[in-house]
Amino acid sequence: SIVETLKQNEFVEEIPTDEFLGDKESLEGSATSRRDFLKYVGFSTAAATLAACEGPVNKSIPYVVAPERITVGKAEYYATTMADGFDFASILVKTREGRPIKIENNDMGNNIGNTNARVHASVLSLYDSERLQEPKIKGESASWEQLDDELLTRLNSLNGKQIVVLTPTFASPSTAKLISNFSNAYPNVKHVVYDTVSESAALDAFESRYGTRALPDYDMSEAGMIVSVGADFLGDWQGGGFDSSYAKGRVPKNGKMSRHVQFEANFTLTGANADKRVMMTPRQQKQAVSAIHALVMGGNTTGLSGKLDEAVRNAAAQLREAGSKGVFVTGVQDPNAQMLALAINERLGSMIMDTQNPKLIRQGSAQEVLQLVEDMNGGNVGALLVAGVNPAYSLPNAAEFKTGVEQVDLTVAFTMKEDETATLCEFLAPTPHYLEAWGDVEIKRGSVCLMQPTIRPLFNTRQFQDNLLIWTGSNSSYYEFLKSNWTGSSKSFNQALQDGVAEAGVASAPSAEEDQKSMKASGGITVASAAAALAVQEDSASNGNFELTLYSSTSMGDGRQANNPWLQEMPDPITRTSWDNYLTMSKADADTLEIENEHVSNGALNGNYVNITLDGTTIKNIPVFIQPGQAKGTVGLALGYGKKEAMQKEMQVGVNGYPFYKNFNTVQTVTIENADNGWHEFACVQLQNTMAGRGDDIIRETTLEIFNTKDKGDWNRVGEVDYNHSEIDVRNPKADIWESFDTSIGPFFNLSIDLNACTGCGACVIACHSENNVPVVGKQEVRNFRDMHWLRIDRYYSSADTFEQEIEDLENLPAMDSYSKVEQQSYDNPEVAFQPVMCQHCNHAPCETVCPVAAIGHGRQGQNQMTYNRCVGTRYCANNCPYKVRRFNWFLYNENDEFPYHMNNDLGRMVLNPDVTVRSRGVMEKCSFCMQMTQKTILDAKREGRPIEDGEFATACSNACNKGAIKFGDVNIPDSEISRLKDDDRKYYLLEDIGVKPNVFYHVKVKNTAEA
């Protein structure tokens, strides 16, 4: 019956059946009358309404004795540093009642590191239910005392056999000192640094050139010309962190902005943001590096032909013209190519490249790691201490590593998870999350960032550094060691801890001239030898072979946070697909292999499978995503997927690409065959959001030349409507049919989005999840277009050179055909624009007029407000919203086994923000302009008896965007930044012609198309 059905997990209290229907005996003893029938119908309606309106009620227990340092309801912020071996960033951590709940940028850190989406999501990894909770010996639980006693005995009985400490790049001065002390305490200790995604080629070149194993830093804010060959520097190339300065140089100022030319095979985030993108196979990229070096040095040949020759010549000419404001970077994994990149920038006198204060976040040696595996299999390693890496999963030769582990007498894993490597080890020493730990990190030479715990350890864990201290006979803790070794800074330890970063007194790197003398003597790489070696090219891929380019995705990185549902559900910026990795392939190659992508009846995307083979190693059933802009003859595959151990079942998605990462080279020649194995189901969120044929109502673009020479009406029109048989612009008050709100009293909020500064990185999406308790819905619901993101970043391809041409091409095509043309066929190499879209908080909001229960209202501060308790889920508002930014809770996502993510366990729910309601089933939700944050700012100022200053108001997305693309503020503050942005000539409103008067505005995207 409907009563029994509705009882199942739909109500938080007993259904008052008897009250509606009477008791069982009276019902059975009477004939069904018209009145009884109406009782049943009436009860069904009332019960459904009750299900929609009532949320769960949890009884709370107040403090009996409140902790002295905690003020209930008040957030505490701690400066610390994320350093997990792959991502490094100086950050602030927001805590509530002792729980870290959100990551923020640390302005004191001057954007040191890379505060990307993974960094913002890392707070959820603290509450991972798969974490290792106590020490283990041979699979059995043990105490730390047992582990220490047995390990010390075993370490001292190795009879001089080699002890290997295998770690990621810690970039920690104190940890380096501790490992040195450990090496002095035990004979024959070797420290091997293993970067999962290696930058060995660039490190070798830099070390040969400058004498330090480090990477150059690049400040692109002052760049005039940027040329990149295969370097995804807005992604994870050389540790990332270049996007903030890049975005500053991309915003037109005084009629100038940087020009960016990208040569690449995969369609990367960097290529999508370039002014000009040229498709090149990896082999051609090597030729391009050699050619650009020769041209910059005064040569005249490229070895390329046709359009590639022309593009390379133009890029080199513009580099020479830019001089010290030019910069060249490359991702080609060859020390010779990396050496030529350094030489090109030296010849230009590039002020963009900084070699005096290089980045220290990658220090691994691929050769040493390969040698270690060989030594292990040769029986030459007595003890292996693995800390913070998972080589049994991520090594290209993981099978050999696993065999080698069996030859080692003593194996210890210092790990947060019982992962693929930990399951092979005899001793497991659980380590804390970085938010529970102490440390110091030198991300960039000269600046030391400090790490401090923001919560007491959740489990019985101990830091790797504390273990080293104990095993070397020290009685001090790592905290005491860290504090006692704090030197070389003008700040005290406590002040540095509060700020999160301090300058360090470190000697500068030697000059190139000095170092070249020693390198020539020692046989290191020289510019001449690099140029000669790179000029000799191997044969190109042929006989049906493809050049595979492996990469780390924006959401997953190298895979160490693969059990994080926020990251799994975050759509890829280019493909807009989540919960998967896949092989990207050009349409031409897909047609040759008879590979298809198809749309099912509801528009969801399916794709065929292929098998890939490299030197006898085959990975079967990899789904293919047909990607416009993929260079013909090349394919791409993201690393970091396919993990099985210490992973929740729902997060065990994708295939492991590391077996193809042979010799730590991201480019491999592979053979591909159609698996002929049915269809793979993708979860792609872009399918219903195409701009096909919509013209400049959504994305407005122009060129720098037009921007500088034409009137703004030519490139940023204001729409017109008919009024009394004449045309008036839509901003004219006569065009309104609404009575406007009085916005002159108190704050009035606007949000600005600059399309030139937005790189599509997605940090704002994760920050919004974190601040507003946005639920994770899983792959199937995303595939059903029921994703709950309050903020999305639409990615639009061009299908013609101009909007007018696009409209002409598409106007007579059916909807799905126009979609296919834009999203899949398009140009072979489409231009791309990213556009963050959230609730536009319209002053004349279409949603407000159609809500039958007044659940939506308009506040005097400009916010479109949802009252969840009033909402009955009619979804009229979603149907009437032209921006499609309202989300409906089809299910209860909190404490529901059907959605087994962080909201379904006590540990995961610790990340929830208590200032924001956890919404129940049957209500609409959407962006609120982070009302809890704006109201706190108002109340703080009122309590302190002062006016609110410009810059105090913020939202989660504006705080997360270190590129300056999203700005939020009160337009009633005179001369405020948001007011100046609102008066800018580039300002426009999304779909302004429909007259809804949004409080979100955008800035026209300007491209620098000037050729040499």
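**Close-up views of cavities, helix α5 and D217**

**View 1. Six nonpolar, ten polar and two charged residues make up the lining of the second largest cavity.** Here Ala, Val, Leu, Ile, Met, Phe, Trp, Tyr, Cys and Pro are nonpolar, Asp, Glu, Lys and Arg charged, and the others, Gly among them, polar. This cavity (points on a 1 Å grid over the protein atoms alone where a 1.4 Å probe fits but cannot get out) has a volume of about 210 Å³, the space filled by probe spheres set on its points, joined across faces, edges and corners. Its lining (residues with an atom within 4 Å of a point) numbers 18 residues, and F267, T268, Y551, D572 and I574 are the closest to the centre. The model is predicted: local features need pLDDT of at least 70 and side-chain atom pairs pLDDT 80 or more, whereas totals for chains, interfaces and linings use all residues. Residues are numbered from 1 along each chain as its sequence is written, and side-chain values use heavy atoms, without hydrogens and water.

**View 2. The largest cavity holds about 900 Å³ of space.** It is lined by 44 residues, with D84, G388, M416, T431 and R560 nearest its centre. Two or more lining residues come from each of β1, α5, α15 (391-394), β15 (410-415), β17 (439-444) and α17 (464-471); helices (H or I, at least four residues) and strands (E, at least two) are DSSP runs numbered from the N terminus. Strand β17 gives the largest share, three residues. By class, the lining has 17 nonpolar, 19 polar and eight charged residues. The model has 15 cavities of 30 Å³ or more.

**View 3. In helix α5 (residues 117-125), nine of nine residues are buried (under 20% relative accessible area, 1.4 Å probe, protein chains only).** The buried residues are A117, R118, V119, H120, A121, S122, V123, L124 and S125. Their cover includes strands β1 (75-83), β2 (88-96) and β3 (99-105), and also helices α22 (565-569), α26 (763-772) and α33 (956-960). At the N-terminal end of α5, N116 acts as the cap, with a side-chain oxygen 3.1 Å from the backbone nitrogen of R118.

**View 4. D217 lies in strand β8 (residues 215-218).** D217 counts as buried because its relative accessibility is 17%. The side chains of D217 and K444 are joined by a polar contact (N or O atoms within 3.5 Å, one able to donate a hydrogen and the other to accept it) of 2.8 Å. Leaving out residues up to four places away in sequence, D217 is in contact (heavy atoms within 4.5 Å) with F242, I352, M353, D354, N357, K359 and K444.

Technical notes: Buried means under 20% relative accessible area, exposed over 50%, partly exposed in between (1.4 Å probe, protein chains only). On a 1 Å grid over the protein atoms alone, a cavity is a set of points where a 1.4 Å probe fits but cannot get out, and a pocket is an open set with protein on both sides within 12 Å along at least five of seven lines; lining residues have an atom within 4 Å of a point.
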